[in-house]
Amino acid sequence: MKKKLLVVYEMIVVGVLVFLLTSLDLFSSLDYMARDALYQRARGIDSDIKIIGIDEKTLNELGPIQTWSRSYYGDLLTKLNSSDETKPLLVGFDIQFSGETGEGDAVFVKAAEESGNVVIVNHLLYGKRPELNEKGLLVQPVIDVEEPFKALDDVTESGYSNVAEDSDGIVRKIAPSETFNGETYEMFSKELYNKYCELTDTTPNEIPLDKYGRSLINYSGKSGDYEYISMVDVLNGNIDLHTFSDSIVLVGAYAAGMQDNFKVPLGRDQQMFGVEIHANILQSYMQGRFSINGNPFIFGLITALVAMALHLAFRKLKVWQALIVLLAVLGAFIFTCIFINNKGLAFSVIYFPIVAVLSYGYSLAIGYIQEQAKRKKVLNAFRKYVAPQIVEEIAKKGDFNIKLGGENRDIAVLFVDIRGFTTMSEALEPEQVVSILNEYLALTTESIFNNSGTLDKFVGDATMAVFNSPFDLPDYEYKAVCAAMDIVAGGERIEEKFMKEYGRSVGFGVGVNVGPAVVGNVGCDFRMDFTAIGDTVNTAARLEANAKKGQVLISDVLYERLKDRIEVKDVGEIPLKGKSKGVFVYEVTKVLGRE
């Protein structure tokens, strides 16, 4: 009952731990990394999205971008739109065109107006302190908008280029729209998608948004995956313009010195240019692949219940079975998270696996501790009636199961009794009787254990031992007779001592038999006794009853097995109580071959 109650407490702790960790997201940075590894993977880029990069090659030839005439952008548009066969579907400039700079502005405006397919960027400025919005949520407010110069803004669509970085500096989310002074502004990639849908007569995909109006980006490609062409190569006519036919062309910074690169979930060791991030976002719009963070409380509750059930399984299953269950559940959890993310909901991925592994480790440790306690208990129990060397063998094999039941086994059985003990006990003080009995029992036990026997029981002044049980014992018949002879020899030594101390002499009669018997633990769950029963045992007891002081009597069956290794005297056939036919008995006088 206590064990069951302990498991219930453990399950509650596991469930509460999973729920709190998941709902509070206590290790968000670690969870970010796990989500990135699980959710963010290169899915394959859309070959219709191409990047014209303002790279080092372009800057080396045209000079620093701040010194450029905007006629370069007009020339670029003119080249791209020079033929209906080569004209891109859409051109987006991820470059801020604030304020007028000179004559080149007009060239750019004219080219953009003639193209009719140009989207440019503006830039939002956010306040430093978060404020409550109309929904009562704490957000960073927009305090201003940097617009492109008016002439260009009038002939193009524009969207803000800002991308949001998480606390670890990685771009994972977008806010598709923001509000400033009652006017709604949309993100650059969203404006690109709107224009794309308009030009292709496509119904726009609706994307999921959380309560803050944000969505998670599911990246399609790593840095460098989208086809990129140097801007100066296009201007110099080094590129076949058919490359851009019906494509979506994004023009933007492609040099590290332009400081438009960010950390992203894919390829953490390599930053991604802003224009590539917008290419990924645009592709997600086109494919309808966004997700939002799901309700952590509901997910925490569900995973808590699963973790509790899993812990219960760990406490009931074997180690290898529990490991299989753990791996299967973790695999199913990961698959489910990926599947749900692809359907638009993202959840924390580290807390359930961490607690599940800890639960498995705890169950493993508790199981080991309990097994060691059980082992110690069993060994201590065996030490009371089994020879030390057999106990060591039990420990090596690790067979610690004690259960009701028995088995048929060929064994040697030894009985020994003090001759005249009843008369002697009546004449001595109780303390003297106990002292004699204890020394006698120590002698018999030592002799039995020295010959690898199992002490079955003490019955008053009688001792019963078995050999070849509970474990196989080589040469058990011989060792049983050796133990009997050791008891008789030991009795002669202590007889002198007892005579001096108590004025009484003692002697032992021993009977040994061999044959089949039922051996095992007999009793009930809370009280067991390891013993042997059967005719072989009864015969050994009758032999001991007929043995005189200092005699070791054995049956003819045992003699036939050992006749070349012992010297005997014929005693003859003696009747045995309960048997219609007597047993021919021998007295062992010497054991041969002992060192």
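These are my notebook entries on helices, strands and a few single residues in this model.

**Ground rules.** I am working with a predicted model, where local features need pLDDT of at least 70, side-chain atom pairs count only at pLDDT 80 or more, and totals for chains, interfaces and linings use all residues. Residues are numbered from 1 along each chain as its sequence is written, and side-chain values use heavy atoms, with hydrogens and water left out.

**Terms.** I take helices (H or I, at least four residues) and strands (E, at least two) as DSSP runs, numbered from the N terminus. I call a residue buried under 20% relative accessible area, exposed over 50%, and partly exposed in between, with a 1.4 Å probe and protein chains only. Contact means heavy atoms within 4.5 Å. Two strands pair if DSSP finds at least two bridges between them.

**Entry 1, the open sheet.** I looked up a sheet of five strands, which is open, has mixed pairing and follows the order β8-β9-β12-β17-β18. Its edges are β8 (164–165) and β18 (345–346); each has a single partner strand, so one side of each lacks a neighbour in the sheet. I then checked β17 (residues 290–293), which pairs with β18 in the parallel sense over two bridges. Opposite asparagine 293 I found alanine 346 of β18.

**Entry 2, a helix across that sheet.** I found helix α2 (residues 28–39) lying across β9 (171–174), β12 (215–217), β17 and β18, at about 80° to β9. Axes here are lines fitted to C-alpha atoms, for helices over the stretch in contact, and angles run from 0 to 180 degrees between N-to-C directions.

**Entry 3, α4.** In helix α4 (residues 71–80) I listed the buried residues: Ser71, Tyr73, Gly74, Leu76, Leu77 and Leu80. Their cover includes β1 (49–54), β2 (90–96) and α5 (103–115).

**Entry 4, asparagine 280.** I located asparagine 280 in helix α9 (residues 274–287). Is asparagine 280 buried or exposed? Asparagine 280 is buried, at a relative accessible area of 0%. Apart from neighbours within four places in sequence, its contacts are Tyr219, Ser220, Gly221, Tyr226 and Met272.

**Entry 5, α15 and what follows.** I compared spans for helix α15 (residues 430–450): its 21 residues should cover 30 Å at 1.5 Å a residue, and the end C-alpha atoms are 30 Å apart, which agrees. The expected span is 1.5 Å times one less than the number of residues. Buried residues of α15 include Val433, Ile436 and Leu437. Just after α15, serine 452 has a positive phi of about 65°.

**Entry 6, a hairpin.** I counted five bridges between the antiparallel strands β20 (residues 454–459) and β21 (residues 462–467). Lysine 457 has methionine 464 of β21 as its bridge partner. Two residues lie between the strands of this hairpin, and glycine 460 takes a positive phi near 65°.
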